[in-house]
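Trainee: Could you take me on a close look at one part of this structure, chain B, and how it is put together? I'd like the sheets, the domains and the places where chains touch in one connected account.

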Amino acid sequence: MDIFLQQLINGLVLGSVYALVALGYTMVYGILELINFAHGEITMMGAMVALSVIGALALAAPGLPGVLVLGAGLVVAIPVCVALGLLIERVAYRPLRHAPRLAPLITAIGVSIILQNVAMLIWGKQYIPFPAILPQGRHTLYGASITDVQIAILLLATAIMLLLILMVQKTRLGRAMRATAQSRQVASLMGVDVNRVIAATFAIGSALAAVAGVMVSAYYGLAHYYMGFLLGLKAFSAAVLGGIGNLGGAMLGGLLLGLIESFGAGYIGDLTGGFLGSNYQDVFAFFVLIAVLVFRPSGLLGARVVERA
Amino acid sequence: MSAPKAAPSPSGKLDAGSTPLLTVSGVSKAFGGLQALSDISLQVHTGEIFGLIGPNGAGKTTLFNALTGLYSINHGEIRLYGRRIDGRKPHQVLHAGLARTFQNIRLFAEMTALENVLVGRHARTTSGVVGAVLRLPGTRREEADSRERSHALLKRVGIAQHAHRLAKNLPYGDQRRLEIARALATEPRLLALDEPAAGMNPAERAALRELLLQLQADGLTLLLIEHDVKLVMGLCTRLAVLDYGVKIAEGTPDVVSRDPKVIAAYLGDETL
């Protein structure tokens with residue numbers, strides 16, 4: 001059973017990263033009914049910026065503890081991504097707030113292409129390795145192994161998601177976000193500055209994306225200007241799986257998608273007699289996306305995907 | 001029963017009864033070729049219950065939407081306490097002290113009654129996420145204060161027992177009361193009510209009437225769109241009558257109800 005447990009661990013780790021990115025998609029969709037396709041690229045930018053900082057620090061001060069270096073990377077990456085998210089909202093989406101829905105969607109795709117190319121110009125086309133600064137501890141658990149990095153990802157992602165739920169349920173901003181998601185017009189008539197709430201939503205989503213980007217690059221040990229594309233699509237699939245617009249749905253969808261991918265990749269070789277290998281891992285997300293769209297378009301927890309008149 | 005604390009007036013002289021709270025001068029609004037409001041002027045004074053009546057489609061709700069910043073007007077100006085509020089965004093108008101309810105109830109259906117009222121507190125509170133995450137004393141105090149006031153408002157409109165139910169699950173009449181509580185939470189100087197008695201049974205209407213009179217007694221000024229003529233006549237200090245986007249009469253209920261133009265608008269020309 002060790003392979004089962006191993007895939008479970010891998011799936012949960014991967015899934016919690018997907019969940020963080022999926023939350024960004026779902027929060028923006030919940031409020032604006034906009035699929036922010038540039039969100040995957042924000043994640044990529046977070047990884048790239050953090051890696052640059054980490055690489056520079058690792059060179060400049062080799063003695064520094066890895067966790068501290070990583071923290072410095074995050075401290076820089078988060079504000080950069082937040083600023084980027086705010087800028088995109090202000091420049092690319094807000095002017096199209098009252099345009100037909102297709103216009104901002106296409107703009108989002110345009111923004112994502114721009115971000116990819118900007119990243120390529122800055123960091124080049126090659127894979128950027130994650131410096132070996134992190135603790136390489138590995139623990140054995142009933143025949144499966146879990147690394148320190150995996151444990152850290154799981155704990156951090158869980159903590160962030162709990163904080164987010166608390167924020168949305170219990171704070172003044174969270175209430176304003178929920179009110180705005182239900183009716184932008186009534187929220188503004190009740191004194192909520194809707195533009196600020198929307199900006200805050202982008203800021204929070206982008207901060208989550210920055211953290212997720214750093215997690216992914218630490219987990220796989222590399223970053224690349226194109227990494228946001230597939231990651232973004234998978235996280236979007238996760239958001240749709242859980243019910244886009246629903247925070248709990250994004251978390252559930254992310255975890256499920258991570259597990260599906262992990263188990264799929266782990267068992268696909270056995271199931272097809274070795275004909276297909278674990279390099280088909282990426283296919284599962286899109287099988288899930290298609291299946292959800294065909295059989296349950298509102299997602300597992302979603303109820304409010306109804307097109308508004 | 002404590003009144004929701006009205007924001008202090010910008011200067012002492014405004015409390016003199018002569019300065020109108022709301023001044024609408026020469027407001028016009030057209031949708032394409034349809035002139036929804038033509039040159040509407042009226043004044044609402046502090047402490048009044050001012051009624052806005054007229055047949056369906058006369059432009060009453062359009063005027064409300066113009067007042068609250070939903071529609072931009074084509075001509076004229078709107079002042080609250082002497083300050084221009086036309087051309088402002090809805091949340092800015094609300095900050096200036098004008099809150100409203102809706103003809104077709106528009107609560108945040110998926111939030112509890114208490115949360116709906118707490119959203120109304122948004123305009124009068126300031127704390128941010130950072131304070132909430134760090135559990136700063138100021139933020140916690142503000143949140144506790146908001147909750148206390150919101151509970152008091154629910155109690156005041158008589159639906160305290162529903163505080164933790166989702167708004168969409170409340171009985172119809174209580175949803176209307178919740179809208180009033182939510183609007184009161186914004187600490188308005190002028191509360192605009194769009195057909196608050198619509199769909200209410202006689203007992204609910206009587207309770208609503210009591211509530212509105214209490215609010216007036218506490219110093220709130222009310223602007224009321226209502227179809228129930230009995231309610232309007234008994235409640236309002238003054239009325240304006242709209243027909244086809246034009247103000248055809250203004251005055252005390254007595255005067256207005258005898259005005260031939262008003263009778264014609266309501267009953268048709270042949271009765272003249």
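Mentor: Happily; here is a walk through chain B, with a short look at its partner afterwards.

Keep in mind that this is a predicted model, in which local features need pLDDT of at least 70, side-chain atom pairs count only at pLDDT 80 or more, and totals for chains, interfaces and linings use all residues. Residues are numbered from 1 along each chain as its sequence is written, while chains are lettered from A and ligands numbered from 1 in the order in which they are written.

Let's begin with the overall build. Chain B has 10 helices and 10 strands; helices (H or I, at least four residues) and strands (E, at least two) are DSSP runs, numbered from the N terminus. With a radius of gyration of 19 Å, close to the 19 Å that the globule rule gives for 272 residues, chain B is as compact as a globular protein of that length. That radius is taken over C-alpha atoms, and the rule is 2.2 Å times the number of residues to the power 0.38. Along the principal axes, the C-alpha atoms of chain B fill a box of roughly 70 × 40 × 40 Å. Of the 272 residues in chain B, 44% are buried. Here a residue is buried if 20 or more other C-beta atoms lie within 10 Å of its own, exposed if 12 or fewer, and partly exposed in between, with C-beta atoms placed from the backbone.

Now to the domains, whose bounds come from an automatic or database domain assignment. Domain 1 of chain B covers 16-97 + 188-271, and domain 2 covers 112-184. Their C-alpha centres lie 27 Å apart. Where the two domains meet, 11 residues of domain 1 of chain B and eight residues of domain 2 of chain B are in contact, meaning that their C-beta atoms, placed from the backbone, lie within 7 Å. On the domain 1 side, helix 2 (90-96) and helix 7 (202-217) of chain B are the elements that give two or more residues. That side has seven nonpolar, three polar and one charged residues. In this grouping, Ala, Val, Leu, Ile, Met, Phe, Trp, Tyr, Cys and Pro count as nonpolar, Asp, Glu, Lys and Arg as charged, and the others, Gly among them, as polar.

Next come the sheets. One is an open sheet of four strands of chain B in the order 2-1-4-5, with antiparallel pairing; two strands pair if DSSP finds at least two bridges between them. Strand 2 (34-45) and strand 5 (83-84) of chain B are at the edges with a single partner strand each, so one side of each has no neighbour in the sheet. Strand 1 (residues 20-31) of chain B runs antiparallel to strand 2 of chain B, and eight bridges join them. One of the bridge pairs is Leu22(B) with Val44(B) in strand 2. Helix 1 (residues 60-67) of chain B packs on this sheet, touching strand 1, strand 2 and strand 4 (75-80), and its direction makes about 70° with that of strand 2. Such axes are lines fitted to C-alpha atoms, for helices over the stretch in contact, and angles run from 0 to 180 degrees between N-to-C directions.

Strand 2 of chain B also holds Asp39(B). Its phi is near 50°, a positive value in a residue other than glycine. Asp39(B) counts as partly exposed because it has 14 C-beta neighbours inside 10 Å.

The other open sheet of chain B has six strands in the order 6-7-8-3-9-10 and mixed pairing. Strand 6 (98-100) and strand 10 (246-251) of chain B are its edge strands, each pairing on one side only. From one strand to the next, the twist averages 20°. Five bridges join strand 7 (residues 190-194) of chain B to strand 8 (residues 221-225) of chain B, and these two run parallel. Within strand 8 of chain B, Ile225(B) stands opposite Asp194(B).

Just as Asp39(B) did, Glu187(B) deserves a glance: it has a positive phi of about 55° although it is not a glycine. Glu187(B) lies in the loop between helix 6 (172-185) and strand 7 of chain B, and it counts as buried, with 22 C-beta neighbours inside 10 Å.

Finally, the partner chain. In all, 26 residues of chain B are in contact with 18 residues of chain A. Helix 2, helix 3 (113-121) and helix 4 (129-134) of chain B each supply at least two residues of that side of chain B. By class, the side has 11 nonpolar, nine polar and six charged residues. Chain A itself has 11 helices and four strands.
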